[in-house]
Amino acid sequence: MAPEQKTFVFGDVSKHHKTDDCWVIISGKVYNVTQFMEEHPGGSEVILAATGKDATEDFEDTGHSDEAKELMGKYYIGKIDESTIPKKRSYDLFTTEKTYTTSSSDPTRELIIKILKFLVPFMILGLAFTVRG
């Protein structure tokens, strides 16, 4: 019989966000990557930036090798109760409606989106005048 998987809640996992005690959530699984911090090719800062949220998108967007994905098994400690992951507010660029997705809020990203919503129309106008003139 296979050993029972431990299930963690987000609040407990998010407490492990330091170089000497670091856990990440990827694809519904919890990994204790503390021992891997020094070895990570991108540096420990990259992993630390992925703590306190569901890091699945960050992990997949980076394009990790098959070898890196296999190595993850070594650090697996359990699964996450996905219902405990906070909802993330995000904005659709083409509407003013707020949508909610799982993961923690990223105020920097939201600020960039607001700035772009303001600046892009002016940039298009400037380009139109430049091309026309």
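Trainee: Is Tyr-75 buried or exposed?
Mentor: Let's keep in mind that this is a predicted model. The relative accessibility of Tyr-75 comes to 8%. The limit for burial is under 20%, so Tyr-75 counts as buried.

Trainee: How many aromatic pairs does the structure hold, and what type is the pair of Phe-8 and Trp-23?
Mentor: Searching the whole structure gives four aromatic pairs. For Phe-8 and Trp-23, the ring centres are 5.1 Å apart and the planes meet at 70°. An angle over 60 degrees falls in one class, so this pair is edge-to-face.

Trainee: How many residues apart are Phe-8 and Trp-23, and which strands hold them?
Mentor: Phe-8 belongs to strand β1 (residues 7-8), while Trp-23 belongs to strand β3 (residues 21-26). The pair therefore links distant parts of the chain, and both partners are covered: Phe-8 is buried at 9% and Trp-23 is buried at 12%. Along the chain, the separation of the two is 15 residues.

Trainee: What class does the aromatic pair of Phe-36 and Tyr-75 fall into?
Mentor: Here the distance is 5.6 Å centre to centre, with 45° between the planes. That angle is neither under 30 nor over 60 degrees, so the pair is tilted.

Trainee: Where in the chain do Phe-36 and Tyr-75 sit, and how many residues apart are they?
Mentor: Phe-36 lies in the loop between β4 (29-32) and α2 (44-48). Tyr-75 lies in the loop between α4 (66-71) and β5 (76-80). Phe-36 is buried too, with 15% relative accessible area. This pair also links distant parts of the chain, and its separation is 39 residues.

Trainee: Which residue lies over the face of Tyr-76?
Mentor: You are looking for a charged group above the ring, and there is one at 5.8 Å from the ring centre of Tyr-76. The residue is Lys-29.

Trainee: How many salt bridges are there, and what is the closest N and O distance between Lys-53 and Asp-58?
Mentor: The whole structure yields two salt bridges. One of them joins Asp-12 to Lys-15, with the closest N and O atoms 3.8 Å apart. The other links Lys-53 and Asp-58, at a closest N and O distance of 2.7 Å.

Trainee: Is Lys-53 buried or exposed?
Mentor: Let's go through the bridge residues in turn: Asp-12 is partly exposed at 37%, and Lys-15 is exposed at 58%. Asp-58 is partly exposed at 32%. Lys-53 has 19% relative accessibility, and burial means under 20%, so Lys-53 counts as buried.

Trainee: Which strands stand at the edges of the five-strand sheet?
Mentor: The sheet is open, with mixed pairing and the order β1-β5-β4-β3-β2. An edge strand has a single partner, so one of its sides is left without a neighbour in the sheet. That picks out β1 and β2.

Trainee: In what direction do β4 and β5 run, and which residue of β5 stands opposite Val-30?
Mentor: β4 and β5 are joined by three bridges and run antiparallel. The β5 residue opposite Val-30 is Gly-78.

Trainee: What share of the exposed area do carbon and sulfur atoms supply?
Mentor: The chain has 133 residues, of which 29% count as buried. About 9,700 Å² is exposed by the protein chain. Carbon and sulfur supply a share of 57%.

Methods. Residues are numbered from 1 along each chain as its sequence is written. This is a predicted model: local features need pLDDT of at least 70, side-chain atom pairs count only at pLDDT 80 or more; totals for chains, interfaces and linings use all residues. Side-chain values use heavy atoms; hydrogens and water are left out. A salt bridge is a side-chain nitrogen of Lys or Arg within 4 Å of a carboxyl oxygen of Asp or Glu. Buried means under 20% relative accessible area, exposed over 50%, partly exposed in between (1.4 Å probe, protein chains only). Rings of Phe, Tyr and Trp (its six-membered ring) pair if their centres lie within 6.5 Å; planes under 30 degrees apart count as stacked, over 60 as edge-to-face and the rest as tilted. Helices (H or I, at least four residues) and strands (E, at least two) are DSSP runs, numbered from the N terminus. A charge sits over a ring if NZ of Lys or CZ of Arg is within 6 Å of the ring centre and within 35 degrees of the ring normal. Accessible areas come from the Shrake-Rupley method with a 1.4 Å probe; for residues, only the protein chains shown count as cover. Two strands pair if DSSP finds at least two bridges between them.
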